[in-house]
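Please open the model in your viewer and keep the selection panel at hand. The tour below proceeds one selection at a time.

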Amino acid sequence: MKLVSLLAMFIIAGFMFTGIGKLHLPGDPAGNSNVFSQRSSEKTDTANISTMDDYYLRNGQMETGSNNIVTSVVFDYRGFDTLGEAAVLFLVVTSISMLLFSIIKGKDLEETVLTDSDGFPAGMTRIVSIGTVLMLPIIMAFGAYLVIHGHLSPGGGFQGGAVMATGTALLVISSFVVRNLQKTYKLFSFFESLGLTVFIVTGFAGMGISFLHNFLANNDGSFLGKVIPLGTNPGFLNSGGILPILSTAVGIEVFCGISIILVLLSRALNARGSQKGGHKC
Amino acid sequence: MTNHIPVLIITLPLIAAFLQPVTGFAGFKLRNLVIITILLVLNGLLFMLVPDVALQGKTIYYTMGASDPSQFTQPGISFPVRIVLKIDSFSLFTGIIVGVVTLTTFLFSTGTVKEDKRKSYFSTLFLLFTAGLMGMSFTNDLFNFFVFLEISSISGAALVAYRTYRKHAPYAGYKYILISTIATTFFLFGVGICYAQYGSFNIQYINSVLAHSYLDKVAMLFIIVAMAMKAGSVPMHMWVPDTYAEAPASISAMLKASGMVTLCAMFRFTFSLFGPSSSGAGKINYETLGWIVIVLGVLSMFIGVTMALIQHDVRRLMAFHAVSQTGYMLLGVGVGIAVFAKGDGGAAFKAFGKMAMVGGIFHIMNNAFYKNLLFLTSGVMERRFGTRNLNGMIGLGHRDTLTTVVFMIGALAIAGIPPFNGFDSKLLIYESVYKFSPVLAIIAMFVSVMTLASFMKVFYSSFMGPRRDDLIVEGAPLTKGTKAGLIILAALIILTGLFPGIIVDGIIEPAVTALTQIR
């Protein structure tokens, strides 16, 4: 049987290797190599556009009012995919909490924290505890910056949310244990749902025209609607239409979702450790 | 508002799922009521589309975020730059299966899944599963299909493991997620190859510029294998009995629906994505492809039913029958594919190929109904006796009249006995396959006989015999919701069986026409 699976693997690999040579090289936009040279001179010349990426590069900035073309693709042109991916994260968090709450029982929900004489949590040294507290605001501020400036510079909801969740990871590691798991879980869970609901409600708000329509973009400088000049610009925060809203919603969702996973995993490890008698993580 | 129906069908269950953790404290009854209302609204929206789409043959497009959502492309550009949903008769047919199955399954689960704190996970995952299947039915975008495939796979795996207190349930969930991940990765390879060549994800656009090169064939192989894997066709069927047996009964029915949707998607990719392109450049060899599908189908039929005969575990038995029934659909549609582009100007396709495809597609719908019913009744049996082993069950017919009657209906339908719906589609398959190759038709009939034998075994050992109340571990009567779910499905089986003409002319025939249309 192992031989058969090995053979099947080699056949599949063979198919893929024979195909490699026929693919386009990375960075070669399928015969449209002059995209970037034309980029600055014209505005929306639709006659020459032949592929989807070409269209995004030429029209993305003007249509969505976002300096960052990647964000305009992720949240505007393929916003429905992003909604699906956010739903996948929500799904994973739900599944993990369903599975882990069957391990975490009774006394593990209410953690009694061992503290030393000065009130610091025991376990890690004091350097780690104080260092974490000092690091935390900086990490959070950087994450929030990434989320809010998603439509101007590299970053966005998923990345910023993940950076903010590293703050939670630090807290969990340096044994600032969560005192009441149920309450913490409910809080995070509420904000996770809130983020996703804001995303989908923003989508419905454009429903007069179509779902996820960027109805705020290029709105004569009112809320998030500054008309930005083509090409390099200093970056106007008040632009991008619904993109910053969606980005923030996803940021909140990712931060809360990953935090739930981290907190539950640490507690489940503790529960497993105490069941086996010893070794606390 | 009517032109927003496609997106509403997918987003309504999504938003309901996102709000589950918040609305969890509103009480079980209210929450169940809200979910049932949403599923009813979904079914209503789907049937609102039937007159336009199925009867008049219209195709509805919905472009996400565009200034005119009903247009396939934006003015002045020859290809779609945004995600497009597409509803034609075939995707509507898939959507109707999902709608009916989710509604009846959720009605059943209100009475059988214990109402406790964990139920909010169940309803969240269930709604996301529904949204995933609906998205897979209606999307016209390969990457969007991948996203919804992921949603349905992960929620399915979590739901298989829902009864975490049982020893094997988490393992079954793990097996399902492993298989699903392999299938979705294969699918992603295929999509990546398509995107690298044509710079688009849109199924209809890729088909219009398809060059039928060597790379396209590699992509086609990956995509079709991934779909067959998720549908549980024979060389990739080993996960089916394990996961179906450990999942709660309602989730086995949902997994079956997910298998049907992936099967429909496989047929759609065969014709709409890799079919003959409008540019006329090259063709895939439909005869070879058809024979591959036929061989897969015959193997699934035969291996599935022979494995089912020796099972003592009622759920594993039904899971192997699920594999075997998948074989019928593959056989019917495979014959259609094999004669689709024959050199005789479509004479063979008109003579019996189309009928075979109608039979295969009709069988998908019928199978979704009766298999669902059988899985749900097996849930009742498991609840009553506290075991899935047939040796531990006896005399249920004395207690549960309704369960006995609907089980009988389901068993006769799956075996293809006349007044029920399984007969109609099987007859179409036998007749048309006989004209293609008599041996295949004889194998199909033989498998039907063995199916009947194996379900008679289940019926005699668990419903007949003396009344033994000492074996019953859970004697509480079925709730209204549970009964409603069973009765709706039984009624659908009988109605489809008595008036197959209406269904075939109204839904199935337009679906096959939409599927095989050469643009």
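Begin by selecting Ala413(B). Apart from its neighbours within four places in sequence, Ala413(B) is in contact with Tyr370(B), Phe420(B), Asn421(B), Gly422(B), Phe423(B) and Ile493(B). The model is a predicted one. Ala413(B) belongs to helix 15 of chain B and is buried, its relative accessible area being 0%. For a sense of scale, add Pro466(B): its C-alpha atom is separated by 26 Å from that of Ala413(B), and the two residues are 53 apart along the chain.

**The nonpolar core**

Next, select Phe93(B) and Phe187(B). These are the residues with the most contacts inside the largest nonpolar core, which has 245 residues. Colour helix 14 of chain B as well, since this helix contributes 20 residues, the largest share of that core. Then display the surroundings of Phe93(B). Leaving aside neighbours within four places in sequence, Phe93(B) is in contact with Cys264(B), Ile361(B), Ile364(B), Met365(B), Ile507(B), Ile508(B) and Ala511(B).

**Salt bridges within chain B**

Over all chains, the structure holds 19 salt bridges. Select Lys175(B) and Asp242(B), whose closest N and O atoms are 2.6 Å apart in one of these bridges. Because Lys175(B) lies in helix 7 (residues 169-198) and Asp242(B) in helix 10 (residues 239-246) of chain B, the pair ties together parts that are 67 residues apart in sequence. Are these two residues buried, partly exposed or exposed? Lys175(B) is partly exposed, with a relative accessible area of 30%, and Asp242(B) is partly exposed at 23%.

Move on to Arg388(B) and Glu246(B), which meet in a salt bridge of 3.5 Å, N to O. Arg388(B) is in the loop between helix 14 (347-385) and helix 15 (401-415) of chain B, whereas Glu246(B) is in helix 10 of chain B, 142 residues apart. Both ends are buried: Arg388(B) has a relative accessible area of 14%, and Glu246(B) has 9%.

Now select Arg384(B) and Asp400(B), a salt bridge with an N to O distance of 2.8 Å. Arg384(B) sits in helix 14 of chain B and Asp400(B) in the loop between helix 14 and helix 15 of chain B, 16 residues apart. Arg384(B) and Asp400(B) are both buried. To complete this stop, show Arg163(B), Arg166(B), Glu246(B), Asp313(B), Arg315(B), Glu382(B) and Arg388(B) together; salt bridges that share partners join them into one network.

**The interface with chain A**

Finally, display both chains. Here 61 residues of chain B are in contact with 52 residues of chain A. The two chains bury about 4800 Å² between them, 73% of it on carbon and sulfur atoms. Select Phe18(B), Tyr121(B) and Tyr214(B), which supply 15% of the area that chain B buries against chain A, more than any other three residues.

How many salt bridges cross the interface of chain B and chain A? The rule finds three. Zoom in on Asp76(A) and Arg82(B), whose side chains meet in a salt bridge at 2.9 Å, N to O. Across the interface there are also 13 residue pairs in polar contact. Among the elements of chain B that each supply at least two residues to the side touching chain A are helix 1 (5-18), strand 1 (60-63) and helix 9 (214-231). Helix 6 of chain B provides the largest share of that side, nine residues. As a last step, colour this side of chain B by residue class: it divides into 43 nonpolar, 14 polar and four charged residues.

Methods. Residues are numbered from 1 along each chain as its sequence is written. Chains are lettered from A and ligands numbered from 1 in the order in which they are written. This is a predicted model: local features need pLDDT of at least 70, side-chain atom pairs count only at pLDDT 80 or more; totals for chains, interfaces and linings use all residues. Side-chain values use heavy atoms; hydrogens and water are left out. A salt bridge is a side-chain nitrogen of Lys or Arg within 4 Å of a carboxyl oxygen of Asp or Glu. Helices (H or I, at least four residues) and strands (E, at least two) are DSSP runs, numbered from the N terminus. Buried means under 20% relative accessible area, exposed over 50%, partly exposed in between (1.4 Å probe, protein chains only). A nonpolar core is a set of buried Ala, Val, Leu, Ile, Met, Phe, Trp, Tyr and Cys residues joined through side-chain atoms within 4.5 Å. Contact means heavy atoms within 4.5 Å. Buried area is the accessible area (1.4 Å probe) that two parts lose on being put together, summed over both. A polar contact is a pair of N or O atoms within 3.5 Å; within protein, one must be able to donate a hydrogen and the other to accept it, and residues adjacent in sequence count only if both atoms are side-chain atoms. Ala, Val, Leu, Ile, Met, Phe, Trp, Tyr, Cys and Pro count as nonpolar, Asp, Glu, Lys and Arg as charged, and the others, Gly among them, as polar.
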